[in-house]
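Here is a set of short questions and answers on one protein model. Keep the structure open as you read.

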Amino acid sequence: MKWQLFICCFLFSLSAFGQLQKVSLNGIWQFKTDPYEEGLTAKWQATNYPALDWDELTVPGNWDLKNEYADYAGTAWYRKQFEAPTNWLGKAIRLHFESVYNDVEVWLNGEKLGENHVGFLPFHFDIAEKVRMGASNTLVLRVNNVFKRGAIWNWGGIRRPVWLEVTAPIRIDHQHITAVPHLQDGTATITAAFQLNNLGVPTEAIEFEWIISKKGKEYWRSNRTKASLKGFQKITQKLTTQLPAAQVDLWHFNTPHLYRSELVVYRRGKEIHRLNDRFGIRKIEVDGYQLKLNGESIRPVGFNIVAEDRTSGNTLPLWRIKEDVDMMKALGVNMARLNHLPLPKEYLDYLDEAGIMVFEEVSLWGKDRMVDPDHPLPKYWLEKMIETKFNHPSVIGWSVGNEIGFVDRNPKVMAYVKGAIQKAKTLDPNRLAIYVSHSVDRQQPDPAEFSDLIMLNTYGNWGKRAEGANRNEPNKPIFMSEFGKELTHEDPNLAYIDIKGMLAQMRDTEYLIGVSHWTFNDYRSFWKASPTWTTPPSQNRGWGVVNIFRQKKRAYYDFRKQYAPVRSLEADYKNNAISIKVEARSKQDIPAYTLRSYQLAWTLHDEQQQVIQGGMEELPSLQPGSADWQKTIQNVTAKNVGSLKVALLDPQAYSVLDTTIYFGVPKSPVIKSVHTASNKIRITFDKIPQAKYYKARYGEKGLDKETTLTINSFIEIPGLAYAKDYQVALVAVNDKGESAPSPTQSVRTDEDELPPIIWTTVPGDKAFFVGYSVGDTDYLYELEYGTNPGNYTKKLSFNNVGVLQVPHLQNGETYYYRFRRRMQWGFASEWSHEMAVQPDGGMTPKVPIAYGFVCQNNKALLHFQPVKKATGYEVRMRHKDTGQENLAVIHSAQSPYAIVETPQNIEQYDLSIRSLNKFGSSDWVQMKSPN
């Protein structure tokens, strides 16, 4: 029957051999939870099921983002219709799901296609025989999110894109690029192993060719090779070539050079399918106690990340990916296990571009029945993970599990880890294969004996734990894959981590070659343990150096100093000259690696942060143990200057360390609102340029008391008397001194309760999200909003904690809202001050704030304020005389610096910048040069 169908289709439509067509199934799907497991019995999967009372959800998305389902764990159903035009007849049609969490069954037109039980990996079905051509087709999913890993939230739903791929019946399923550099002569051997698949036509003769290019320049093209595929046959082919040294640029975390591999299939001389992937050329190896990248010893640093937030869940839109990666690059991050769960292609693509080395992991954790060499699911997970992520140079190894090593909990762990690592090395012999242990220092034998290097997790006694691991498994380098101590605060101002003290136990040890802190970001959880490990009532688990809304904590700045690739950066300004000193790290420091093509950028700013003078100085290569580098820059006039900033830029213009000299105190800040309770006062305000910290002055008869410094945009004054009058004022502070106080306000404590702290307001698609503090005695939360200031036409009540969504709004419309809480005894707090927000679904990004640029020959260093939710920038360079334009794309999204080059001296060009997102671009804004 299959043969008859496909022969008929083949004869009917010679256009079946057209090129790939990708049809998105993203957008609005029907949705319904099924807490009582009624759906199968009621045949919700049937094509003719009415589904009249179903809700609607956006795909990709998580149902947990909607207030009604914020805490739902269980089964839910999705439905969507799509049209299949008749010109698809005779073509191969593949239904792709990039990720559905976690367990899913799929039906098309009432017929079950299959199941998937690995919620973080892609899967597909070939559906050409089941699609109704020229008619509507009904796709139904039954999804369950009960499966979870550790303290991580089990976000439910179709979390990544869904699409149809329409191709010729003969197609390329995948290609695996192996790029081996020959470090002695600079050449590289490149091999492409790929699978051709005939999805139904009779035996067919084809040809294929292979093209390697870099930045649009073709480096190599193979001769066309002939092959023949029978119907429903898959064959694997392999092509190999050698690139000469002149064409080889090695991938490195500081210089992540990327190539493109294209495979093209022809039938009767016409192209029928093309598949392209990026790859990098690099060598990763373990040599004694050294970890080497491209033959050079590195001692890297990183973070673990829980790839989610409270307003996009774990759907990971590109702006979320780029913001997180850019912030980590600015912290000096270059290697980590990164995430317990496999990351999607788009995330790894950006890691390839930005340069962070990671291990992808089979997510076995703790006591787990899947820790068994005979269990089929971990085998499938490992094989699928390697198959789909093979070409990413950022992936330097495969992890087969995390903290599963105690034999009394997992009796088959030794056999499982041994077999899984052997499997990983068979499938991919050019990467590391590892297991992440928290037991290697406490038992012998330990599964870590099979690992290429020791990946150790520990939350105290870091140096002694590493010493024990080295004693039990000598002659292997140790990478501290997780380290920390206890939860820190979700309030950025109260969040301290003694990173300097922790690293003091781990530095200057030959066998301990790098560290990765748990975690970069706070994340949603309900995990309960000891008091210092129990998640607060907001469900925001505070391990990070940024909170769940990516606001920088005090710990962020401490990590930046300790993770920087140099030990210190000092700057001084005297007699119209800037003196700069850079101290290199020692050979066994953490981090420690050779710095090449780093630059020092110096910029003088006025009080509004506009650049009024500046320049760049390229550093010589600095190896660990090098002498200090010093430079004096003459003829720097600090007239009408607010500050001098000196920044160490890596080769991609990420600022990895900086220092600021202030020439004057800040201006007086302005109090936005004052809230009172029986024994405390809260002041809110907007932050201002030139200020690092803020404090309040207060008293009953004068401003004779003051609070400690804060980095927040609010201050609470505790310990006050009830029903008393107080005077309050606000002061801004920088390293030069304090501003004059703001105008004094008189306030009186009363019986009111303070409203929740509003951490952030985030616009969404026809919605906005409010992130807020949660108290132990909170009962519910109320929000009033409208489209005019002070005129609130709707009032909503929620019992969500930490974040709520206000839906059913108009994109582009400005909404004004206020917020309060009700206590468990029913008493309502004061309303918050008014906030404004504009839902941004389908909208282009805002215009970046341009601070200016400085010139050096044909290079320009641009300084600007990044735009939230931007995915990059475009720079227009227009020649002042000829009007000729050149465009440059900046791929980073949240770095405040960029370097662009022009064909001639940069001073002959006018520069403008605009921000980009998936919906388009902002207006241009001109960059001004002081030179």
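## Strands, salt bridges and a pocket

This is a predicted model. Strand E25 (residues 335-336) pairs with strand E26 in the parallel sense, over two bridges.

Q: Which residue stands opposite Val-358 in E26?
A: E25 and E26 are parallel partners, joined by two bridges. Strands of a sheet pair through backbone hydrogen bonds. Opposite Val-358 stands Ala-336.

Q: How many of the five residues of strand E26 (residues 357-361) are buried?
A: Both faces of E26 are covered. On one side sit Met-357, Phe-359 and Glu-361, and on the other Val-358 and Glu-360. The strand is largely enclosed by the rest of the structure, because the buried count is five of five.

Q: In what order do the four strands of the open sheet run?
A: The pairing in this sheet is antiparallel. Strand E1 (21-24) and strand E9 (123-126) stand at the edges, each with a single partner strand, so one side of each has no neighbour in the sheet. The twist averages 20° from one strand to the next. The order is E1-E12-E5-E9.

Q: Which residue in E12 does Ala-92 stand opposite?
A: Strand E5 (residues 92-97) and strand E12 (residues 162-167) pair in the antiparallel sense. Six bridges join them. The residue opposite Ala-92 is Thr-167.

Q: How far apart in sequence are Arg-278 and Glu-353?
A: Their side chains meet in a salt bridge, at 3.0 Å from N to O. Arg-278 belongs to strand E20, and Glu-353 to helix H3 (residues 345-354). The pair links distant parts of the chain, with a separation of 75 residues.

Q: Is Glu-353 buried or partly exposed?
A: Buried means under 20% relative accessible area. The value for Glu-353 is 23%. Its salt-bridge partner, Arg-278, has 22% and is partly exposed. Glu-353 therefore counts as partly exposed.

Q: Which two helices does the salt bridge between Glu-383 and Lys-423 tie together?
A: The closest N and O atoms of Glu-383 and Lys-423 are 3.4 Å apart. The pair ties together parts that are 40 residues apart in sequence, because Glu-383 and Lys-423 lie in helix H4 (residues 376-389) and helix H5 (residues 413-427).

Q: Asp-441 and Arg-442 meet in a salt bridge; is Asp-441 buried or partly exposed?
A: The N to O distance in this salt bridge is 3.9 Å. Arg-442 has a relative accessible area of 49% and is partly exposed. Asp-441 has 13%. The cut-off is under 20%, so Asp-441 is buried.

Q: How many salt bridges does a search of the whole structure find?
A: Side chains of opposite charge can pair when their charged atoms come close. One network of salt bridges links Asp-309, Arg-320, Glu-323, Asp-324, Arg-550 and Lys-868. The search of the whole structure finds 65.

Q: Which strand gives the largest share of the lining of the second largest pocket?
A: This pocket has a volume of about 1,400 Å³. Of its 50 lining residues, the closest to the centre are His-96, Trp-163, Glu-165, Asp-277 and Lys-345. The largest share of the lining is six residues, from strand E20 (residues 270-279).

Q: How many residues of the lining of the second largest pocket are charged?
A: The lining divides into three groups. Nonpolar residues number 14, and polar residues 15. Charged residues number 21.

How values were computed:
Residues numbered from 1 in each chain as written. Predicted model: local features only at pLDDT ≥ 70, side-chain atom pairs only at ≥ 80, totals over all residues. Heavy atoms only, no water. 1 Å grid on protein atoms, 1.4 Å probe; cavity = no way out; pocket = protein on both sides within 12 Å on 5 of 7 lines; lining within 4 Å. Points joined across faces, edges and corners; volume = space filled by probe spheres on them. Nonpolar A, V, L, I, M, F, W, Y, C, P; charged D, E, K, R; others polar. Salt bridge = Lys/Arg side-chain N within 4 Å of Asp/Glu carboxyl O. Buried < 20%, exposed > 50% of the residue type's maximum accessible area, 1.4 Å probe, protein only. Pairing = 2+ DSSP bridges. Axes fitted to C-alpha atoms, helices over the stretch in contact; angles between N-to-C directions.
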